[in-house]
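Thank you for making time this morning. I would like to take you slowly through one structure, and I will ask a few questions along the way.

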Amino acid sequence: MPIKWQRMIGGRGGPRVDFPAGTYSDDTQLRLAVSRAIRGNGEFDVEAFAKVEVTVWPSYALGAGLGTKAAASNLARRGVNWFSNFFDSGEQRYISGGGNGAAMRIQPHVWAAAAEASEGMIANVLKDSLVTHGHPHGFCGAVFHALCVAHALKHGSVPDPSDWLCFIEGLSIVPTLIAADPQLAAFWQSAWENSAGRTIESAIQAMQSEAFGDLSTIRDVLSGDPVQSYRTVLERIGCLEPRFRGSGFKTALAAVALAWLCRDRPIQEPLALSANQLESDTDTIATMAGAVLGCVHVSEPEWTIQDRDYIVQEATRLAAIAAGRSQDSFAYPDLGRWSPPTRQTDSVGLNGGAYALAGLGTLDPIGSEYVAGDAIWQWFKLPFGQTILAKRRALVKGNMEESQLPGERQAPMPVRKPAAVPKENQASLFVEGRKETRYSRGLGEQTGTLGRSAKSGIDYWTDVVIQHEFDDFTLGRVFNRLLEETGSADTAVAFAAIIAKAKLARDRRRRG
């Protein structure tokens, strides 16, 4: 049962902030951010997620991982896009980002995906993960967890250990999905391989070998007493050691193992069991196991949960999208004019005398101020129903520019249906008539819904130039169009840098 508690902020000697019972952490915060970035037609706006949601999130994050915070900081720089976030800040490097900060947030992609759009769903999970995490433990852990949730949602049962084996085998599809995405194929892959010193295919194979090894070490304890068996699982795969405590794949494996061990018990039992396993990543494993079990159990814990109505609202919206019913969308600021906050306290400003959070909207104060030095923390309510503890300067000057604020929610748009795929080329997460699920390696030319449909923005125009093989006419036409759209020299310079890197990377691959 959640209880109210306190936490010190602002370093040693700082004030203690009151946290109501049911307050959620960074896992749910980022999951809601992903939900908002899924448009009403089912498309994932990865550019808005990366440049708005992720860069603003540190100002209200509760329990943020160091890797995700470093990724957010680098994304605030001009010229850094979702597929070029190769940060290196001391101990935190993109290429080493194998934590669970991606895996814990990707469930909305599963909830919004129709069963026949499995390739597009996995492609979106992969793009989402690669915004912040560049190590296979991070992005493969996210894909593995997505497959676990998708199985539970489709079949109404927790996937069993033979399914987990199939999901690990299915990670072989990752290089194919990377090759199918214009930005990942043209820029990300070569940059990643140069930094890692190996091919993406060899890295995925090594990841699969590790994963098979982890699975083999826990097979014999998956039918015993849940309490003792779960502790043994954590010990054997290293989730109690600092080195692997936050690993993306190991966390995902621990979560589905917990769900399997407690599949016949009330859902609150495994959540409490995870929360009380000290030295493990308690909240993340609990929320990921809960995502799997939530697809199976009809009942839910009668606990106080922060922003329950808003969470239900977003889940209902995504379920409607999966059912083919058009929904409205969050209206992000125009990315051509958007300037991500470069410091945590820059995110909160004034708008007509009231506080506002850049990118997300006005703030309604609902709690006391907590002062620590020249900064103030305070509980606020956002217009759409989310509660946050935001940090701001003690003295906020000037009004926030309108370009930093969202507009009115966008009207419902038709849900895009995946293009028809010849039966012999179809890749499905689930093969009917078999006990276990299978993820096909025989992916044809179709990879589901990729890219943006709105014909604007640096991401879209980069796609156009790459798809037209960098020909002179297209490059010139697109450059002029981007200038007309944005009126921003900075955006034009960033676009030119991305195109130059993509063309050089393509030429190196062709020569090599």
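**Salt bridges, a small sheet and the spaces inside**

Let me begin with a single residue: E369 is partly exposed, with a relative accessible area of 45%. Please keep in mind throughout that what you see on the screen is a predicted model.

Which residue does E369 pair with in a salt bridge? The partner is R392, and the closest N and O atoms of the two side chains are 2.8 Å apart. Since R392 lies in strand β10, residues 387–393, and E369 in strand β8, residues 364–372, the pair ties together parts that are 23 residues apart in sequence. R392 has a relative accessibility of 1%, and therefore counts as buried, whereas E369, at 45%, is partly exposed.

As a general background, side chains of opposite charge can pair when their charged atoms come close. How many salt bridges does a search of the whole structure find? The search finds 14, and I will show you a few of them.

One of them joins the side chains of D214 and K250, with 2.9 Å from N to O. Here D214 belongs to helix α10, residues 200–218, and K250 to helix α12, residues 248–261, so this salt bridge ties together parts that are 36 residues apart in sequence. Are these two residues buried or exposed? Both D214 and K250 are buried.

Another salt bridge brings together the side chains of R265 and E269, at 3.5 Å from N to O. R265 is partly exposed, with a relative accessible area of 35%, and E269 is partly exposed as well, with a value of 34%. There is also a network of salt bridges, in which R231, E235 and E279 are linked.

Let us now step back to the whole chain, which has 18 helices and 10 strands. Its radius of gyration is 22 Å, close to the 24 Å that the globule rule gives for 512 residues, so the chain is as compact as a globular protein of that length. Along the principal axes, the C-alpha trace spans about 65 × 60 × 45 Å, and of the 512 residues in the chain, 56% are buried.

The next part is a small sheet. Strands of a sheet pair through backbone hydrogen bonds, either parallel or antiparallel. In our model there is an open sheet of three strands, in the order β5-β6-β7, with antiparallel pairing. Why is one side of β5 and of β7 left without a neighbour in the sheet? The reason is that β5 (348–351) and β7 (361–362) stand at the edges, where each has a single partner strand.

If we follow the chain through this sheet, we find that four bridges join β5 to β6, which covers residues 354–357. G349 has A356 of β6 as its bridge partner, while N351 stands opposite A354 in that strand. These two strands form a hairpin with two residues between them, and G352 in the turn has a positive phi of about 60 degrees. From β6 to β7 there are two bridges, and these strands also run antiparallel; here the partner of A356 is T362 in β7. β6 and β7 form a hairpin too, with three residues between them, and in its turn G359 has a positive phi of about 85 degrees.

Finally, we come to the empty spaces. Rolling a probe the size of a water molecule over the atoms shows where empty space is left. The largest pocket holds about 1,900 Å³ of space, and of the 48 residues that line this pocket, T28, R31, L271, T287 and I305 are the closest to its centre. Which element supplies the largest share of the lining? That is α15, with seven residues, and among the other elements that each supply at least two are β1 (5–8), α1 (26–37) and α13 (268–275). By class, the lining of the largest pocket has 27 nonpolar, 14 polar and seven charged residues.

Turning from the pocket to enclosed space, the search of the whole structure finds two cavities of 30 Å³ or more. The second largest cavity has a volume of about 30 Å³, and its lining is made up of G79, F83, S84, F187, I498 and K501. Three of these lining residues are nonpolar, two are polar and one is charged.

Conventions. Residues numbered from 1 in each chain as written. Predicted model: local features only at pLDDT ≥ 70, side-chain atom pairs only at ≥ 80, totals over all residues. Heavy atoms only, no water. Pairing = 2+ DSSP bridges. Salt bridge = Lys/Arg side-chain N within 4 Å of Asp/Glu carboxyl O. Buried < 20%, exposed > 50% of the residue type's maximum accessible area, 1.4 Å probe, protein only. 1 Å grid on protein atoms, 1.4 Å probe; cavity = no way out; pocket = protein on both sides within 12 Å on 5 of 7 lines; lining within 4 Å. Points joined across faces, edges and corners; volume = space filled by probe spheres on them. Nonpolar A, V, L, I, M, F, W, Y, C, P; charged D, E, K, R; others polar. Rg over C-alpha atoms; globule rule 2.2 N^0.38 Å.
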